[in-house]
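User: Please take a close look at one part of this model, the place where two domains meet. I would also like to know how the copies of the chain are related.

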Protein chains: 2
Amino acid sequence: MQSTMMKTPLSLNTLLDRAGKLFPQSQIVSRLPDKSLRRHNFAQFHERARQLASALLGLGLKKGDRVATLSWNHHAHLECYFGIPAAGGVMHTLNLRLAPDEIGFIAAHAEDRFLIVDDVLLPLYRQFADRHRFERVIVYSFSGAATEPAFTDYEQLLAAAPPFAGYAPHDENDPVAMCYTSGTTGQPKGVVYSHRSTVLHSIGSSMPDFWSLSGRDTVLTVTPMFHANCWGMPYAAVMLGTKLVFPGPHLHPDDLLDLMQLEPPSFALGVPTIWLSVIQAFETNPGRWKLPHGLRSLVGGAAVPESLIRAYAKHGVTVVQGWGMTETSPLCTVSYVKPELQEISDDERVARTATAGVPSPMIELRIVADSGDGAEAPWDGKSVGEIQVRGPYITGSYYGIGADPVKFSADGWLRTGDVATVDSHGYVRITDRTKDLIKSGGEWISSVDLENSIMAHPAVAEAAVIAVPHDKWGERPLACVVFKPGQSATPDELNATLASHFARWQWPDAYEVMDAIPKTATGKFWKVKLRERFAARAA
Amino acid sequence: MQSTMMKTPLSLNTLLDRAGKLFPQSQIVSRLPDKSLRRHNFAQFHERARQLASALLGLGLKKGDRVATLSWNHHAHLECYFGIPAAGGVMHTLNLRLAPDEIGFIAAHAEDRFLIVDDVLLPLYRQFADRHRFERVIVYSFSGAATEPAFTDYEQLLAAAPPFAGYAPHDENDPVAMCYTSGTTGQPKGVVYSHRSTVLHSIGSSMPDFWSLSGRDTVLTVTPMFHANCWGMPYAAVMLGTKLVFPGPHLHPDDLLDLMQLEPPSFALGVPTIWLSVIQAFETNPGRWKLPHGLRSLVGGAAVPESLIRAYAKHGVTVVQGWGMTETSPLCTVSYVKPELQEISDDERVARTATAGVPSPMIELRIVADSGDGAEAPWDGKSVGEIQVRGPYITGSYYGIGADPVKFSADGWLRTGDVATVDSHGYVRITDRTKDLIKSGGEWISSVDLENSIMAHPAVAEAAVIAVPHDKWGERPLACVVFKPGQSATPDELNATLASHFARWQWPDAYEVMDAIPKTATGKFWKVKLRERFAARAA
């Protein structure tokens, strides 16, 4: 027996047409390099995205061709999100925080045919231009300056585009976007998303029990659009008619707080380090800004300390934690309060929010204690294992590499490299990256747990804990600490915050005070750099 | 270029395992024939649904075999929703409101192999048993009485089931359920849903801008589980851990109000005629019941009069209207308030709620003015046309019939037979079924608009308007009216309610006062019966 249902493919084009037809008045606000705001509505966006599609076809784009972007968060980047797939192309977001050589390697590996680049990023482009020759470089004049004749001007290209002749026919499994993992180890690896995976992620994530997005929201996207497609948020916002606010290149905490006064968001997304610096700026300048009351802040990319959740709660801002990675589209879990836990205390609520949360309906998640044998660890809140996931928006391979056994289990699940416990309610608590765990005298110490406890000390702005080699114990923890301006604490005072949660042997052997902790391109603590720096230290 | 995403199929089994693993404590409450309540939690449901799967496989069920249900709304029926597909079977819900011969025809047409039937419905089964021989009849003792030896007892079958050996392998397009349209014209026609269509409907419908379902809700399902799969709600509730309250056979307004006191819902679903009778019972018995404050009531299956929305709003209940049909899984549109309309007046809000609402993200909807040429009518709030829809949970054919050109456009859209306008904001306003429009002197009159205006008169409980043949004008409207107990109104008084919205020539030529308006198996006004009765009348 066959189902009688239509074989209609899931498609980004359906979402784009929906945006134009149902939400013509919804707003897109972009902050320009001079900090002024530019406004578009969805009717204009719908028109311009389709002009971009026509223009690319006019330039000879063929189905599956990669069009790279090197851009900040703004309306034209959003046009690429939909316009490139509308033409049958694949949008490849280049991460402008990587080393130029690495960007060039990635563009060459993906065989990108065209590049769409912000004029203000041309100096960066020139640093890797010799690593890969794009057939055509299209410059979006983000600054408003005239485009050099050697390049194609984005606005002129759109203005001269032939009339839109309809969307490129496609299967739902055809690619729409690609993104390389920032790769703290090994070469960067490419993940290719499809119409299907992108639509499923948008719809599944928007449910009330996940990130709960609606057309009434205003979303401030601090997460870069070159980082896991801005966590998929632009696709969902277009689908729902949600107002989008793009900060452009202005990611300094003062700038973000200024922008929140001009265009108050109801929903924001970004990594913990951004929100740490925003709350510090906010609290050290009383009365200068207001935090939008009722704001929900989706935080992901690294574990969120409880102290951060409490700091925001004092000002009426709810932190929602999500967990995922480039390989997972990205959201796999979100820390919403489950039905059976509605009556828990505020402290328990904060503790739940500080977990990575509960898996999304289409995602299967397991923890595997010993990566070798594939035996699933119980959901008891104690047993530790590597998170493995499976689902329709999880990558099953890497572009041009195939299924690497280090990254995929024998039965086809993605091995995330994140280590976690899952409690009986299904809340995932990340204890570490596999490579960030500290093995001291045969016992594991969680660097993430130590960091969160140290960051609970009122004088501490940031803390990162790494393993350093030790003759007797194998490895020992070392804590790198950044104090808030004008504040400090002694090692004994810091150890005192650990006393109730950690055995004495788990305490760091030393505290290194620094001006800043090095961060990766995506704003996470760059522990590789710390390890290099302290590798020679005899603990 | 290929996407690197996993080819994981969408599957009801993933939702079932999720329910067991993440929401073991969530409740299922069923009202028994003696009006007592039976409780299960999701852990038990998860176990029992898989026992049912094992038992069916033990009985020799093969992939794609149909297992019919003839059941009220209760936990065992929910077990069939998931247990039959878990074994690779197709659940076929038989509509117990149909004539026995029609039920027998449908079971034979679907070639149902097994039947699962409530013991209290065996008298009905016996009336059509000669029309189709089921290989085995499994009796669920809903009343608690012992099962006759001629039949298989549902509980004994589950108790004796072999250990669960895993889900039947499947493609996402494999069938999980089938449902026949109640068919006021022609023979009933079967629609076959798939894993894919059911999962997509569940996820898409649960978003905040649609029916906004979460695990914190308690859902009262008045819509029968044999009617378009209870509008797909049981699947979504299982996915999200939402508490389910099943009224069993007790659908009298007094019984529903009693049940709402015992298990207060936050969400209810049913046809307008049910909610009309509930509000009448509630208002004629002041102080006897409370309506749960904050209740959202999803009403569909027929147009909702503004008077009903206002009557419930007075008591803190929000009516949400949806539109769809068996062929569409069913929800295609929901009347939520769009982002650009947040500031409208209460009157406008009611007017919006009285429309069928706005299409869901995965559904494409158009209105076609003349069914012949396929030209799309504009979304101007005035142009009238047949609603046509396309999408991944819309049927593209009927079981054993294929694509009937009367039901599908040449380019593959479903022709719904419903006639509507769509305004510039995308709100669909159903004006009539194609066959219910009245054509008088070459001009169309909407029977639905007349009905809603007549029902706004305080003395009127129900009103149905039909066309009767007329020598001069072709057709003229006739209104059938049921007054509230002890109340009445003259034709002139009723016409006075029409004066501001309708030209005099659009008024009914006559009002027929009745004790009750005949209703179809799904609770809609049965206009075919009214037309038969008044066909001979010379207007």
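Analyst: This is a predicted model. In chain A, the C-alpha centres of domain 1 and domain 2 lie 30 Å apart. The domain assignment puts domain 1 of chain A at 12-251 and domain 2 of chain A at 363-434; domain 3 of chain A, at 437-534, completes the assignment.

The contact between domain 1 of chain A and domain 2 of chain A draws eleven residues from domain 1 and seven residues from domain 2, where a contact means C-beta atoms, placed from the backbone, within 7 Å. On the side of domain 1 of chain A that touches domain 2 of chain A, two elements each supply at least two residues: strand E9 (190-194) and helix H7 (195-205) of chain A. Of the elements on that side, H7(A) gives the most, with four residues. Sorted by class, the side of domain 1 of chain A that touches domain 2 of chain A has five nonpolar residues, four polar residues and two charged residues.

As for the copies, a turn of 180 degrees with a shift of 0.0 Å along the axis lays chain B on chain A, with an RMSD of 0.1 Å. Chains A and B are therefore related as by a two-fold axis. Within chain B, the C-alpha nearest the axis belongs to B:Met207, at 2.2 Å from the axis. Both copies use the same surface, as 100% of the contact residues of chain B recur in chain A.

Definitions and conventions. Residues are numbered from 1 along each chain as its sequence is written. Chains are lettered from A and ligands numbered from 1 in the order in which they are written. This is a predicted model: local features need pLDDT of at least 70, side-chain atom pairs count only at pLDDT 80 or more; totals for chains, interfaces and linings use all residues. Domain bounds come from an automatic or database domain assignment. Two residues are in contact if their C-beta atoms, placed from the backbone, lie within 7 Å. Ala, Val, Leu, Ile, Met, Phe, Trp, Tyr, Cys and Pro count as nonpolar, Asp, Glu, Lys and Arg as charged, and the others, Gly among them, as polar. Copies are superposed by least squares on the C-alpha atoms of residues with pLDDT of at least 70 in both.
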